[in-house]
Amino acid sequence: MGSPTYGVSSVDWENRLSMPRLRVQRLERLKAELARSDLGAVLTFDFHNIRYMTSTHIGTWAMDKMIRFALLPRGGEPVLWDFGSAARHHQLYAPWLDDAHTNADSDGGERHHGARAGISTLRGAISPSAGMAEDVAAKVHQVLAEYGLQNEPVGVDIIEPPVMFALQAMGIPVVDGQQVFLAARRIKTIDEIGLLTQAASMVDAAYEELYEFLRPGVRENECVGLVSKVLFDLGSEQVEGVNAISGERCSPHPHVFSDRLLRPGDPAFFDILHSHMGYRTCYYRTFAVGSASPAQRDAYKICREYIDQAIELVKPGATTADIVRLWPAAQEFGFPDEEAAFALQYGHGVGLSIWERPIFSRLTSLEHPETLEEGMVFALETYWPAADGWGAARIEEELVVTSDGAEVITKFPAEELLVAGKRYYTTGGALPLERDSQSHINNRGQAATIGLDKEVP
């Protein structure tokens, strides 16, 4: 049986995903990784790590502002300092944060709440003279002191320099804590796998609508708007991005959409990244608009073969090095080195963020391989430029590592190149979906044939 998707609502008549179990198991994994480390605590300003630790969320508007922070002390429970009234909301509606804390001290205050009001520097917008960085450090120091950890190293994921300096001024050793969080998030729980599968199923639906929509005359940005509406209508929390790339923009891959009009015969590939209850997707598909050139068809075939070979090797005990050895070196598809070609033949863990452990890249994985384990969820993505110099193919599949192999949770058809748009008919019948001549001149061979390689006087 594959990963079940269920419905997104809770019901009494079916045992579905459990959010209480998700909260408990995520925190247990983080505590276990902290116990294995030499840190006294982990301090996070990153929204994904805050959510993993505390199971709280205040929207996506604040994700780049570093205004909220949470601390997990060794042997203790999470303490979250949140933005203004959000802290009071958590006290009312997120009781798990208070379960292991005294509800209030003898003065009737909220010192012992798991959720507390607190604010950082608004990325420096609050004047340094207001002392907000020092206030953050004092709040963290107080909790550490309650556990006798004020002199122990504190692992931090991301941090504003003034806050780091303030922590150091109080004698708190600040070190890299990213690896503790990444290690905890590396293996997914059953509920995380379910949410990731549900997130992918929403993108299945978005691609269905996009396939029906693609035709000459629509713009890349319109495709982004369509996909975003479908996902939000289905309950997406955030559409993190939609890469919409077409025509000559496919090679080299620019990693950003534009207002380009799609034209007959265009290649077009898309990457859809969104969040469902925090869990993300990274999910490429490639189409041809109206028809495809032989070069585009061949590029797609090569791209598909590389990803199929990689999927075939996925199982517990295999390594990221085993996978990337199957993929071509950068020089084989037009780049001088692996850094220049980074993320074209690529793989990455998917969870509360789109780039988690493990990472698959010829840049790092051959010398620093990671071993695949049951319960990992990651995406593998391949790319190949068309020989005519015009288009390219891009395919991505998300996988769950099972006890004996891999389960693909991205279901929209991608075994062969799909041609979107209306069918055209001539007096001799249907216009072929593969056409030798396109409306663009894309190499000197074609140009010379019709005499356009001559210099203009």
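**Group meeting talk: a walk through a predicted model**

Okay, let's begin with one residue, Lys139, which lies in helix H4. Before going further, please keep in mind that this is a predicted model. Now, who are the neighbours of Lys139? Leaving aside residues up to four places away in sequence, Lys139 touches Phe69, Trp81, Ala117 and Gly118. Take Trp81 from that list: it sits 58 residues from Lys139 along the chain, and yet the two C-alpha atoms are separated by 8.9 Å.

Let's zoom out for a moment. How many helices and strands does the protein chain have? The count is 11 helices and 18 strands. The chain has 457 residues, and 54% of them count as buried. If you draw a box along the principal axes, the C-alpha atoms fill roughly 90 × 60 × 40 Å. And here's a number that goes with our Lys139 example: among contacts between residues at least 6 apart in sequence, 66% join residues at least 24 apart.

Back to H4, and on to its partner. Two packed helices are described by the angle between their axes and the distance between the axes. For helix H4, residues 132-146, and helix H5, residues 161-169, the angle is about 50° and the axes are 8 Å apart. So we call H4 and H5 oblique to each other. The crossing of the pair is right-handed. Which residues meet there? On the H4 side you'll find Ala133, Glu134, Val136, Ala137 and Val140, and on the H5 side Pro162, Val163, Ala166 and Leu167. Sort the residues of that contact by type and you get eight nonpolar, no polar and one charged.

If you're wondering about the spacing of those H4 numbers, a bit of textbook helps. An α-helix has 3.6 residues a turn, so residues three or four places apart point the same way. In H4, Ala133, Val136, Ala137 and Val140 are among the residues that meet H5.

Now a second pair, for contrast in the numbers. The axes of H1 and H2 come within 7 Å and cross at roughly 105°. That angle is why H1 and H2 are described as roughly perpendicular to each other. H1 brings Arg26, Leu27, Arg29 and Leu30 to the contact, while H2 brings Arg51, Tyr52 and Met53. Here the split is four nonpolar, no polar and three charged.

Stay with H1, which covers residues 19-36, and look at Glu33 in that helix. Is Glu33 buried or exposed? Its relative accessible area is 16%, and buried means under 20%, so Glu33 counts as buried. The side chain of Glu33 makes a polar contact of 2.7 Å with the side chain of Arg36. Further along the sequence, Glu33 touches Val180, Ala183 and Ala184. Those three belong to the buried residues of helix H6, residues 178-185, together with Phe181 and Arg185. What covers the buried residues of H6? The cover includes H1, strand S1, helix H2 and strand S12.

Next stop, Arg123, in the loop between strand S4 and H4. This one has a relative accessibility of 56%, so Arg123 counts as exposed. Its contacts include Asp64, Lys65 and Glu160. With Asp64 there's some detail to see: the side chain of Arg123 reaches the backbone oxygen of Asp64 at 2.6 Å. Arg123 also has a positive phi of about 55°, although it is not a glycine.

Where else can you find a positive phi outside glycine? Try Ser55, with phi near 55°. Ser55 is in the loop between H2 and strand S2. Its relative accessible area is 15%, so Ser55 is buried, whereas Arg123 is exposed.

Last thing, the backbone again: cis peptide bonds. One runs from Ser251 to Pro252, with omega near 5°. Pro252 lies in the loop between strand S7 and strand S8. Another runs from Arg357 to Pro358, with omega near -5°. Pro358 lies in strand S12, and S12 is one of the elements that cover the buried residues of H6.

So, if you open the structure after this, try Lys139 in H4, then Glu33 in H1, then the Arg123 loop. That's my tour, thanks for listening!

How values were computed: Residues numbered from 1 in each chain as written. Predicted model: local features only at pLDDT ≥ 70, side-chain atom pairs only at ≥ 80, totals over all residues. Heavy atoms only, no water. Axes fitted to C-alpha atoms, helices over the stretch in contact; angles between N-to-C directions. Helix = DSSP H or I, 4+ residues; strand = E, 2+ residues; numbered from the N terminus. Parallel < 35°, antiparallel > 145°, perpendicular 65-115°, else oblique. Left-handed = near helix turned anticlockwise from the far one by under 90°. Contact = heavy atoms within 4.5 Å. Nonpolar A, V, L, I, M, F, W, Y, C, P; charged D, E, K, R; others polar. Buried < 20%, exposed > 50% of the residue type's maximum accessible area, 1.4 Å probe, protein only. Polar contact = N/O pair within 3.5 Å; in protein donor to acceptor, adjacent residues only side chain to side chain.
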